[in-house]
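The following exercises concern helices, aromatic pairs and the nonpolar core. Each task is followed by a solution in steps.

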Amino acid sequence: SSGGTTDSWSEDNEYAFDFLKQKLDPLHMHELEGYLGILPFYGAALYIGAIFAQKNTRAIFPLVYGLCALGVFGPVFLLVVTGP
């Protein structure tokens, strides 16, 4: 269409975007942007839960600690692997 714009990218545009994204964002911060916004609050809640488990249920604290670590770092790996 003359003078109009389209909402779809050509294959060349997609390739260029992927190339630039890889060069400019090698740590995948774009994919993690939303998660990093809630991480301080989410991490604090898990931390408080781990402290509670350490004080009140010492027998299962290692399991709780591992689950809290997985709860913080698991989404990071999942978001990086699955992409945007």
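Two residues are in contact when heavy atoms of theirs lie within 4.5 Å. The structure examined here is a predicted model.

**Exercise 1. Overall architecture**

Determine how many helices and strands the protein chain has, and what share of its contacts joins residues at least 24 apart.

Solution. Begin with the secondary structure: the protein chain holds 3 helices and 0 strands. Read from the N terminus, the order of the elements is α-α-α. Next, take the contacts between residues at least 6 apart in sequence; 58% of them join residues at least 24 apart. Finally, turn to the surface: buried residues account for 14% of the 84 residues, and the accessible surface is about 6,900 Å², with 68% belonging to carbon and sulfur atoms.

**Exercise 2. Aromatic pairs**

Classify the pair of tyrosine 35 and tyrosine 42, then the pair of phenylalanine 61 and tyrosine 65, as stacked, edge-to-face or tilted.

Solution. A pair of aromatic rings is described by the distance of the centres and the angle of the planes. Ring centres must lie within 6.5 Å; planes under 30 degrees apart count as stacked, over 60 as edge-to-face and the rest as tilted. By this rule there are 2 aromatic pairs. The ring centres of tyrosine 35 and tyrosine 42 are 6.3 Å apart and the planes stand at 70°, so this pair is edge-to-face. For phenylalanine 61 and tyrosine 65, the centres are 5.9 Å apart and the planes are at 50°, so the pair is tilted. Phenylalanine 61 and tyrosine 65 are separated by about one helical turn, because they lie 4 residues apart in helix α3 (residues 61-82).

**Exercise 3. Burial of the tyrosines**

Decide whether tyrosine 35, tyrosine 42 and tyrosine 65 are buried, partly exposed or exposed.

Solution. The cut-offs are under 20% relative accessible area for buried and over 50% for exposed, with partly exposed in between. Tyrosine 35 has 9% relative accessibility and is therefore buried. Tyrosine 42, at 30%, counts as partly exposed. Tyrosine 65 reaches 52% and so counts as exposed.

**Exercise 4. The nonpolar core**

Identify the residues of the largest nonpolar core and the helix that supplies its largest share.

Solution. The largest nonpolar core has 7 residues: Tyr35, Leu46, Ala50, Ala53, Val64, Cys68 and Val72. Both α2 (29-56) and α3 contribute at least two residues to this core. The largest share, 4 residues, comes from α2. As a last step, examine valine 64: leaving aside residues up to four places away in sequence, valine 64 touches Gly49, Ala50 and Ala53.

Note on methods:
Residues numbered from 1 in each chain as written. Predicted model: local features only at pLDDT ≥ 70, side-chain atom pairs only at ≥ 80, totals over all residues. Heavy atoms only, no water. Phe/Tyr/Trp six-rings, centres within 6.5 Å; stacked < 30°, edge-to-face > 60°. Buried < 20%, exposed > 50% of the residue type's maximum accessible area, 1.4 Å probe, protein only. Areas by Shrake-Rupley, 256 points an atom, 1.4 Å probe, with all protein chains shown as cover. Core = buried A, V, L, I, M, F, W, Y, C linked by side-chain atoms within 4.5 Å.
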